[in-house]
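This report describes a set of coordinates from the standpoint of someone preparing to work with them. The metal sites are taken up before the strands, the pocket and the chain as a whole.

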Amino acid sequence: MKTLDQLLEDARIAHGHLCAGQVLGVRMAMLGLEKLGIDDPTGQDRKRIVTFVEIDRCVTDAVMVVTGCRLGKRALKFRDWGKVAATFVDVATGRAIRIAAKESSKALARAMHPEISAKNEQQMLAYREMRNEDLFDCQWVKVDLPAEEMPGYKGERIVCSRCGEGINFRREMRPGNEILCRACAGESYYTPA
Ligand SMILES: [Zn+2]
Ligand SMILES: [Zn+2]
């Protein structure tokens, strides 16, 4: 496993800047991998890990860098819950751990470094120094990962009977006798302009 400094440098390059979220995300992912006993997430162990992230902010970019889990590899799962948390799943053993940033960590950062007035600078330094138990809540969990959620899943591609677009990974809906994509079934996030 790379060091915190090495991973922060990788995260800075991938994310475009160094920020409190990068420090938090790198440490969160390092802790998750350590708990699972995964040492080489981007090399030898790269097919062992699936990560669920719960927010689309800075912290998630850092989690991606450390775990090597990416959306395009189906190893990163996004649940839009607005929470600074992630669940690391070892698909080889079925063990999973959810790690959430403690709400109290911001106040603790203020208490640790009252001499730094800029919030981001203050948190960046404090989040490097803070003990894991002050930064995070950890919980062993069970994650249901059906075959179609696994990164290497090869399944049949189905065509929507209304729009004719192809659908992978069993994301089709079957109301009545129809086979519909989620947009045609009424879940669309867009309307024709
Ligand atoms: Zn950032
Ligand atoms: Zn459709």
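## The zinc ion (ligand 1)

Along the chain, the donors of the zinc ion (ligand 1) follow the spacing H-x1-H-x1-C-x38-C. Two of these donors join distant parts of the chain, since Cys 19 sits in the loop between α1 (4-15) and α2 whereas Cys 58 belongs to helix α3, 39 residues apart. In this predicted model, the coordinating atoms are NE2 of His 15, NE2 of His 17, SG of Cys 19 and SG of Cys 58, at 2.1 to 2.3 Å.

The angles among the four donor atoms run from 92 to 140°, and the site of the zinc ion (ligand 1) is classed as irregular. The reason is that four donors count as tetrahedral if all angles lie between 85 and 135 degrees, and the upper end of this site's range is 140°. Are the two cysteines of the site buried or exposed? Cys 19 counts as buried because its relative accessibility is 6%, under the 20% cut-off, and Cys 58, at 17% relative accessibility, counts as buried as well.

## The zinc ion (ligand 2)

The zinc ion (ligand 2) has as its protein donors the SG atoms of Cys 160, Cys 163, Cys 181 and Cys 184, which lie 2.3 to 2.4 Å from it. Along the chain these donors follow the spacing C-x2-C-x17-C-x2-C. The angles among the four donor atoms are 101 to 116°, and the site is tetrahedral.

Two of the donor residues can be placed on either side of the burial cut-off of 20% relative accessible area. Cys 181 is buried, with a relative accessible area of 11%, whereas Cys 184 counts as partly exposed because its relative accessibility is 22%.

## Strand β4 and its neighbours

Strand β4 is mostly covered, with six of its six residues buried. Both of its faces are covered, for Ala 96, Arg 98 and Ala 100 are buried on one side, and Ile 97, Ile 99 and Ala 101 are buried on the other.

On one pairing, strand β3 (residues 85-90) and β4 run in the antiparallel sense over five bridges, and Thr 87 stands opposite Arg 98 in β4. These two strands form a hairpin with five residues between them, and Gly 94 in the turn has a positive phi of about 80°. In a further pairing, β4 and strand β5 (residues 136-141) are antiparallel over six bridges, with Val 141 in β5 as the bridge partner of Ala 96.

## The largest pocket

The largest pocket has a volume of about 470 Å³. Its lining consists of 22 residues, and those nearest its centre are Leu 24, Arg 57, Val 84, Lys 106 and Tyr 127. By residue class, the lining divides into 11 nonpolar, five polar and six charged residues.

Which elements each supply at least two residues of this lining? They are α2 (20-36), α3 (58-67), β4 (96-101), α4 (105-112) and α5 (119-129). Helix α3 also carries Cys 58, a donor of the zinc ion (ligand 1), and β4 is the strand described above whose six residues are buried.

## Loops with features to check

Gly 155 is found in the loop between β5 and β6 (158-159), and at 44% relative accessibility it counts as partly exposed. Gly 155 and Leu 145 are 10 residues apart in sequence, while their C-alpha atoms are 15 Å apart in space.

The loop between β7 (166-167) and α7 (183-187) contains Phe 169, whose phi is near 55°, a positive value in a residue other than glycine. Arg 170 lies in the loop between β7 and α7, and its phi is likewise positive, near 55°, in a residue other than glycine. Phe 169 is partly exposed, with a relative accessible area of 26%, whereas Arg 170 is exposed because its relative accessible area is 53%, over the 50% cut-off.

## The chain as a whole

The protein chain has seven helices and seven strands, and read along the sequence they follow the pattern α-α-β-α-β-β-β-α-α-α-β-β-β-α. Along its principal axes, the C-alpha trace spans about 65 × 40 × 30 Å. Of the 193 residues of the chain, 40% count as buried.

Key: Residues numbered from 1 in each chain as written. Chains lettered and ligands numbered in written order. Predicted model: local features only at pLDDT ≥ 70, side-chain atom pairs only at ≥ 80, totals over all residues. Heavy atoms only, no water. 1 Å grid on protein atoms, 1.4 Å probe; cavity = no way out; pocket = protein on both sides within 12 Å on 5 of 7 lines; lining within 4 Å. Points joined across faces, edges and corners; volume = space filled by probe spheres on them. Helix = DSSP H or I, 4+ residues; strand = E, 2+ residues; numbered from the N terminus. Nonpolar A, V, L, I, M, F, W, Y, C, P; charged D, E, K, R; others polar. Buried < 20%, exposed > 50% of the residue type's maximum accessible area, 1.4 Å probe, protein only. Pairing = 2+ DSSP bridges. Donors = N, O, S within 2.8 Å, 3.2 Å for Na, K, Ca; no water. Tetrahedral: all angles 85-135°; square planar, octahedral: opposite > 155°, others 65-115°.
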